[in-house]
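Subject: Handover of a structure and findings

Dear colleague,

Please find the structure below, handed over for your review. My notes on its salt bridges and its largest pocket follow.

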Amino acid sequence: MPDSFATGTARHVDLPGPPAMLPRYLRAALPRFGSRPDRVPEIVLRLHGFRPDPREVARYAEVVGEAPGDRLPPLYPHLLGFGLQLRLMTDPAFPFPALGLVHVANELTVAGPLPLDGSLDVEVHAGAVRPHPHGRVVDLVTSVRCNGRPAWTGTSTYLRRGRPAVGSGNPSAPTEPGVEEVPSDAAAEPEGPPLHLSARRRLGADLGRRYAAVSGDLNPIHLSALTARPLGFPRAIAHGMWTAAAVLGCLQGRLPDVFTYTVQFRRPITLPATVDVHTGLGAREIVAQVRGRDGRVHLDAVVAKL
C-alpha cells in the first residue's frame, strides 16, 4: 500500500452518488498515449449515506441465484465499490488501461449481516503495483461501513499482462487479449474437505447482458459475440463476479454471519454453457469449485469462518 494511505495523507474525494457506468466505459475505450509510471493515484474515492434500492437488490439476487431476504447478498457491496474502482482506473494518472486488465482474484471479509435498509459509506483506493509471473498486478480495495460500523471489505486483484518480472515465477503466460480470468487447466481438487456436486447451472447466451443490467459492469467481452470477438473471444463470457456470487447462492443458508471469501479465477466461461458447482463442508471452512462439463476448473473458492 502506498505510504500516503498508511499515513492518511492521500487525497479524499467525496462523490455525490454512484458514478454513471456507461460514460466510464466509453472513457476506458479511448486510446491512451505515452507511458505511465507504476504508481497509482493517491486518492480515496468516497460515497456517503448510500441506501440501495430494494428492487435493484432483488433483481441482482435473482440473476445470481439467491433468494431475496432482509439482508444484502454478500457480494452486493462489490457492485457499489466497482463503480468507484472504474472511476479510479479511468483516472488519467492510473498506470494501466482499464480494459486491458485481467481480473485474477478477489478476497473479501463480511464482518456481519448487512441489513437491506442500512446506510452505507463506501471507500475505494488502489494498492501499490507489484510483480506477478504474468506481468504486474494492482489491488483495488473497497471498504464499506453500514450505519457507521465497519461491515465489509473487498480486494479485487487485476493483472496487467506483460513480460514477467525477474524472479516472479513461471515465465510462460497466456496471451489472448481481453480475458477476464487467467486460464488454467488445473483440475485437481483443492486442499480441504472432499468436494461433492451441489448444483448444475445452465447459463444462457444472455447471462452477460442480464448481469450487466444489475451490476453496471458493461465490459464488452460479456455482452455479445459481436462485442467479444474484437477482444479475442468467439462468444461472450460470463462475468467472473457473477460466478463468484453464484457459488455463494448455492451456499445460502450455510454461510456464517462473519467470514472471509477468497476466489481465484481460473478460466472464462464461454456462453452459453452448463457448469457444475462442487462444494465441500469442513469444520471451519467451505471449499468450492466451478467446473465445466469437460471437467476443467473455472473458479476455486474458499469460505472461512471468522
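Asp276 has a relative accessibility of 7% and is therefore classed as buried, the limit for that class being under 20%. Please bear in mind that the model is a predicted one.

Asp276 forms a salt bridge with Arg293, and the closest N and O atoms of the two are 3.9 Å apart. Asp276 belongs to strand E10 (residues 273-281), whereas Arg293 sits in the loop between strand E11 (285-292) and strand E12 (297-305), so the pair ties together parts that are 17 residues apart in sequence. In contrast to buried Asp276, Arg293 counts as exposed, at 53% relative accessibility. The two residues also take part in a network of salt bridges that links Arg200, Asp276 and Arg293.

The structure holds 11 salt bridges, and two others deserve a description here.

One of them joins Glu42 to Arg39, with the closest N and O atoms 2.1 Å apart. Glu42 has a relative accessibility of 26% and counts as partly exposed. Its partner Arg39 counts as exposed, at 51%. Since exposed means over 50% relative accessible area, the value of 51% places Arg39 in that class.

The other joins Asp53 to Arg55, where the closest N and O atoms are 2.9 Å apart. Here Asp53 is partly exposed, with a relative accessible area of 24%, while Arg55 is exposed, with a relative accessible area of 59%.

I turn now to the largest pocket. Its volume is about 420 Å³. Of the 25 residues that line this pocket, Arg71, Leu72, Pro73, Pro74 and Gln252 are the closest to its centre. Which helix gives the most to the lining of the largest pocket? That is helix H3 (residues 54-64), which supplies 4 residues. Grouped by class, the lining comprises 17 nonpolar, 4 polar and 4 charged residues.

When you open the model, I would suggest beginning with the salt bridge between Asp276 and Arg293, then following the network that links these residues with Arg200. The pairs Glu42 with Arg39 and Asp53 with Arg55 could come next, and the lining of the largest pocket, including the part given by helix H3, could be viewed last.

With kind regards

Technical notes. Residues are numbered from 1 along each chain as its sequence is written. This is a predicted model: local features need pLDDT of at least 70, side-chain atom pairs count only at pLDDT 80 or more; totals for chains, interfaces and linings use all residues. Side-chain values use heavy atoms; hydrogens and water are left out. On a 1 Å grid over the protein atoms alone, a cavity is a set of points where a 1.4 Å probe fits but cannot get out, and a pocket is an open set with protein on both sides within 12 Å along at least five of seven lines; lining residues have an atom within 4 Å of a point. Grid points are joined across faces, edges and corners, and a volume is the space filled by probe spheres set on the points. Helices (H or I, at least four residues) and strands (E, at least two) are DSSP runs, numbered from the N terminus. Ala, Val, Leu, Ile, Met, Phe, Trp, Tyr, Cys and Pro count as nonpolar, Asp, Glu, Lys and Arg as charged, and the others, Gly among them, as polar. A salt bridge is a side-chain nitrogen of Lys or Arg within 4 Å of a carboxyl oxygen of Asp or Glu. Buried means under 20% relative accessible area, exposed over 50%, partly exposed in between (1.4 Å probe, protein chains only).
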